[in-house]
Amino acid sequence: LRFKRFRIKISLRGLPDDCYRIIEVPAAIKLHVLHDQVLVPAMGWARAYHGYVFIDVKDGAVLGPGMAVGQYIDMMHASMHFYRVMQDEEIPLAALIRNVGDFCLYV
């Protein structure tokens, strides 16, 4: 896992297919690092501004900074959308995607 890498395509739902980024990241990258240091800058968004969650489409698990973390003010609304948000600090991307064609949702 330490040397495995993923090439992933990030696309925005509801926008034309030409709005996407392709990035390469280590499989072991933690989800909170993927969000803050890779996805947000790759898309040109402001860091530490909005909350986020990753959703495992295989089992419906919702992973993110959690509702108790004060870094993202809009995480207070997560309980209106998700039953529970599991802390993502120690979860690697490889826990969500393993094979070519696998995907997860990033909200």
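A residue counts as buried here when its relative accessible area is under 20%. By that cut-off, buried residues make up 36% of the 107 residues in the protein chain. Keep in mind that this is a predicted model.

**Overall build**

Let's start with the whole chain. It holds one helix and six strands, and from the N terminus on the elements run β-β-α-β-β-β-β. A compact globule of 107 residues would have a radius of gyration near 13 Å, and the protein chain, at 14 Å, agrees with that. Along the principal axes, the C-alpha trace spans about 35 × 30 × 25 Å. As for how the chain folds back on itself, take the contacts between residues at least 6 apart in sequence: 44% of them join residues at least 24 apart.

**Strands and how they pair**

E1 and E2 run antiparallel, with seven bridges joining them. One pair to look up is Ser 11, whose bridge partner in E2 is Tyr 20.

Then there is an open sheet of four strands, in the order E5-E4-E3-E6, with mixed pairing. E5 and E6 stand at its edges with a single partner strand each, so one side of each has no neighbour in the sheet. Inside that sheet, E3 and E4 run antiparallel and are joined by two bridges; Phe 54 has Leu 63 in E4 as its bridge partner.

Here are the two antiparallel pairs side by side:

| Strand pair | Residues of the second strand | Bridges |
|---|---|---|
| E1 and E2 | E2, residues 20-26 | seven bridges |
| E3 and E4 | E4, residues 62-64 | two bridges |

**The two faces of E1**

In a regular strand the side chains alternate between the two faces of the sheet. E1 shows such an alternation: Phe 6, Ile 8 and Ile 10 point to one face and are buried, while Arg 5, Arg 7, Lys 9 and Ser 11 point to the other and are not buried.

**The helix**

Which residues of H1 are buried? They are Leu 31, Leu 34, His 35, Asp 36, Val 38, Leu 39, Val 40 and Met 43. Note that His 35 and Asp 36 are on that list. The cover over the buried residues of H1 includes E1, E2, E3, E4 and E6. Just after the helix, Gly 44 takes a positive phi of about 80°.

**A buried loop residue**

Ala 61 sits in the loop between E3 and E4. Is this residue buried or exposed? Its relative accessible area is 16%, so Ala 61 is buried, given the cut-off of under 20%. Leaving out residues up to four places away in sequence, Ala 61 touches Phe 54, Ile 55, Asp 56 and Met 86. Leu 96 is 35 residues away from Ala 61 along the chain, and their C-alpha atoms are separated by 9.5 Å.

**The largest pocket**

The largest pocket has a volume of about 720 Å³. It is lined by 24 residues, and Lys 9, Ile 10, Ser 11, Phe 103 and Cys 104 are the closest to its centre. Three elements, E1, H1 and E6, each supply at least two residues of the lining, and the largest share, six residues, comes from E1. What is the lining made of by class? There are 16 nonpolar, three polar and five charged residues.

Lys 9, Ile 10 and Ser 11 tie the pocket back to E1: all three are among the residues closest to the pocket's centre, yet Ile 10 points to the buried face of the strand, while Lys 9 and Ser 11 point to the other.

Conventions: Residues numbered from 1 in each chain as written. Predicted model: local features only at pLDDT ≥ 70, side-chain atom pairs only at ≥ 80, totals over all residues. Heavy atoms only, no water. 1 Å grid on protein atoms, 1.4 Å probe; cavity = no way out; pocket = protein on both sides within 12 Å on 5 of 7 lines; lining within 4 Å. Points joined across faces, edges and corners; volume = space filled by probe spheres on them. Nonpolar A, V, L, I, M, F, W, Y, C, P; charged D, E, K, R; others polar. Buried < 20%, exposed > 50% of the residue type's maximum accessible area, 1.4 Å probe, protein only. Pairing = 2+ DSSP bridges. Rg over C-alpha atoms; globule rule 2.2 N^0.38 Å. Contact = heavy atoms within 4.5 Å.
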